[in-house]
Amino acid sequence: MKFNITDIGGEVVKDNETYLLRDNLTLNNLVLSSTTLHPKKETNGHSHEGKEEIYYFIKGNGEMVVRYDIFEVKAGDVVMIPDGAFHQVQNPTDKDLYFVCVFDGSRDYTKKDFK
């Protein structure tokens with residue numbers, strides 16, 4: 001199957017003032033997800049045991065938290081999330097931040113406090 005990186009197909013999971021989130025469930029074991037994170041917003045921080053994840057930033061600039069590290073992200077960056085690591089994307093800018101991610105299985109995140 002072939003998709004354009006700016007339109008991965010799939011179903012809308014969430015569409016609110018924070019973000020537009022789509023999941024493409026075409027494959028049996030992997031989920032392809034896209035997020036348009038709106039200006040001055042952030043994703044819910046979460047982790048998931050037994051699963052790794054890859055984020056690919058397509059448009060815009062922002063920040064990413066992985067465990068206790070915070071770093072800038074921009075179009076073209078790829079971030080690999082280790083098994084069980086807390087992660088969150090933040091968009092402190094005035095423009096949308098668009099990224100796709102690939103993860104194993106389904107959405108069964110465990111929200112954890114990040115301190």
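Reader: In what order do the six strands of the open sheet come?
Author: Keep in mind that this is a predicted model. The sheet is open and its pairing is antiparallel. Its edge strands, each pairing on one side only, are β1 (11-15) and β8 (78-81). Reading across, the order is β1-β2-β3-β10-β5-β8.

Reader: Okay, and how many bridges join β3 to β10?
Author: Those strands cover residues 30-37 and 97-104, and they run antiparallel. As one spot to look at, Thr-35 stands opposite Phe-99 in β10. The bridges joining β3 to β10 number eight.

Reader: Is Val-79 buried or exposed?
Author: Find Val-79 in strand β8. Buried means under 20% relative accessible area. Because Val-79 has just 8% relative accessibility, it counts as buried.

Reader: Which strand gives the most to the largest nonpolar core?
Author: That core has 17 residues, and Val-79, Tyr-55 and Phe-99 are among those with the most contacts inside it. Strands β2 (19-24), β3, β5 (53-59), β6 (61-66), β8 and β10 each supply at least two residues. With four residues, the top giver is β10.

Reader: What separates the C-alpha atoms of Val-79 and Glu-53?
Author: Leaving out residues up to four places away in sequence, Val-79 touches Glu-53, along with others including Tyr-55 and Met-64. Tyr-55 in turn touches Met-64 and Val-79, and its contacts also include Phe-99. Val-79 and Glu-53 are 26 residues apart along the chain, and their C-alpha atoms are separated by 8.4 Å.

Notes. Residues numbered from 1 in each chain as written. Predicted model: local features only at pLDDT ≥ 70, side-chain atom pairs only at ≥ 80, totals over all residues. Heavy atoms only, no water. Pairing = 2+ DSSP bridges. Buried < 20%, exposed > 50% of the residue type's maximum accessible area, 1.4 Å probe, protein only. Contact = heavy atoms within 4.5 Å. Core = buried A, V, L, I, M, F, W, Y, C linked by side-chain atoms within 4.5 Å.
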